[in-house]
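Work through these exercises with the model open beside you. Try each task before you read its solution.

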Amino acid sequence: MPLEPQPKIFACKQSQSLAVDIAKAYGILLGNIITSTYSDGEFQPSFEESVRGCRVFLIGSTHPSSDHLMELLLMCDAAKRASARHITAVMPYFGWARQDRKDKPRVPIAAKMIAKMLETAGATRIITMDLHADQIQGFFEKPVDHLFASTIFLPYLRGLNLDNLTIASPDMGGSKRAYAYSKALNSDVVICYKQREKANIISHMELIGDVKGKNVVLVDDMVDTAGTLTKAADLMMERGALSVRAICTHPILSGSAYERLENSKLEELIVTDSIPLKQTSPKLRVLSCAKLFADVMLSVHGNKSISEKFLM
């Protein structure tokens with residue numbers, strides 16, 4: 001009978017800390033990989049142990065810069081050429097996902113292109129969390145396990161024991177997510193309607209629903225410049241909300257995000273560690289996604305169902 005493939009976990013540099021926690025929760029040591037860098041910035045990852053016939057898990061979020069994506073692609077290619085039997089790209093944050101369609105003429109569909117690049121590089125399976133657009137799963141010809149951070153956030157929200165809880169979406173696109181949370185928590189829903197001048201610049205925002213006397217929790221898949229979240233929080237407090245919190249899976253937090261967060265009326269911003277934080281803030285609360293990924297990776301390796309990991 002053929003031998004079962006041995007599991008091995010390796011980390012891209014940008015996800016090293018999370019990968020250590022995932023490997024610990026999985027129950028094995030993180031694999032040994034070194035990266036050589038040339039003077040001009042070109043780099044070369046190298047597995048320092050055999051992966052022949054193994055099930056290789058490569059952990060790396062692909063938030064810009066493009067070096068993070070390139071490192072994951074090179075590691076997939078190296079594992080393929082080293083005769084790994086299965087190559088699973090574990091991407092807590094799937095970067096470039098906001099480019100999932102042509103929203104104007106002569107622009108790329110970057111998410112589709114990256115899906116093809118990962119498959120060409122050798123990935124035989126993708127595990128990711130809270131994609132910006134669910135349809136990105138369809139861009140792959142390989143299996144995609146799309147996990148939801150609700151598994152992590154819902155127990156935390158229930159533990160807050162907030163009276164008059166209301167779930168809010170910071171934009172129309174997130175209404176489906178907000179309704180799913182509200183159903184799980186048996187709460188009301190409000191929606192923010194926003195108009196943008198251009199990317200990351202909001203020209204106008206309105207609130208659909210009543211927040212007076214409510215403890216509001218904004219729900220989104222990512223927080224980038226924090227412009228939308230902080231503007232929504234300030235608007236809700238003006239409309240009589242008792243408190244406003246936000247839960248966002250991926251803490252990109254670029255530009256003036258930390259400054260906006262500190263100056264906003266948000267009580268706290270709850271995120272996962274899918275992306276390492278650039279700095280700390282008293283308003284930031286980080287919940288680990290390591291156990292979620294480790295549990296799913298164990299189930300994948302054991303050919304077991306992972307449906308119980310999908311709370312919504």
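**Exercise 1.** Find which residues of α2 meet which residues of α3.

*Solution.* Start on the α2 side: L69, L72, L73, C76, D77 and K80 make the contact. Their partners in α3 are I114, M117, L118, T120 and A121. Contact here means heavy atoms within 4.5 Å. Next, sort these residues by class: eight are nonpolar, one is polar and two are charged. The nonpolar class is Ala, Val, Leu, Ile, Met, Phe, Trp, Tyr, Cys and Pro; Asp, Glu, Lys and Arg count as charged; the others, Gly among them, count as polar.

Two notes on the source. This is a predicted model, where local features need pLDDT of at least 70 and side-chain atom pairs count only at pLDDT 80 or more, while totals for chains, interfaces and linings use all residues. Residues are numbered from 1 along each chain as its sequence is written, and side-chain values use heavy atoms, with hydrogens and water left out.

**Exercise 2.** Describe how α2 and α3 are set against each other.

*Solution.* Locate α2 at residues 66-81 and α3 at residues 110-121. Helices (H or I, at least four residues) and strands (E, at least two) are DSSP runs, numbered from the N terminus. The axes of α2 and α3 lie 8 Å apart, at an angle of about 30°. Axes are lines fitted to C-alpha atoms, for helices over the stretch in contact, and angles run from 0 to 180 degrees between N-to-C directions. So α2 is roughly parallel to α3. The cut-offs: under 35 degrees is roughly parallel, over 145 roughly antiparallel, 65 to 115 roughly perpendicular, and the rest oblique.

**Exercise 3.** Work out the order of the strands in the five-stranded sheet.

*Solution.* The sheet is open, with order β1-β4-β5-β6-β7 and parallel pairing. Two strands pair if DSSP finds at least two bridges between them. Now find the edges: β1 (7-11) and β7 (144-147) each pair on one side only. From one strand to the next, the twist averages 15°. Then take one pair: five bridges join β4 (residues 55-59) to β5 (residues 86-91). In that pair, R55 stands opposite H86 in β5. Finally, add a helix: α2 lies across β1, β4 and β5, at about 165° to β5.

**Exercise 4.** What does the side chain of H68 reach?

*Solution.* Place H68 first: it is in helix α2. Its side chain reaches the backbone oxygen of H63 at 2.7 Å. Leaving aside neighbours within four places in sequence, H68 is in contact with Q14, S61, T62 and H63.

**Exercise 5.** Look for unusual backbone geometry at S65 and S83.

*Solution.* Recall the background: most residues other than glycine have a negative phi, and most peptide bonds are trans. The bond from P64 to S65 is cis, with omega near 20°. S65 lies in the loop between β4 and α2. S83 has a positive phi of about 70°, although it is not a glycine. The loop between α2 and β5 holds S83.

**Exercise 6.** Describe the packing of α1 on α8.

*Solution.* Helix α1 spans residues 16-26 and α8 spans residues 290-301. Their axes are 8 Å apart, at about 50°. Therefore α1 is oblique to α8. Among the residues in contact are L18 and I22 of α1, and F293 and M297 of α8. By class, this contact has nine nonpolar, one polar and two charged residues.

Methods:
A polar contact is a pair of N or O atoms within 3.5 Å; within protein, one must be able to donate a hydrogen and the other to accept it, and residues adjacent in sequence count only if both atoms are side-chain atoms.
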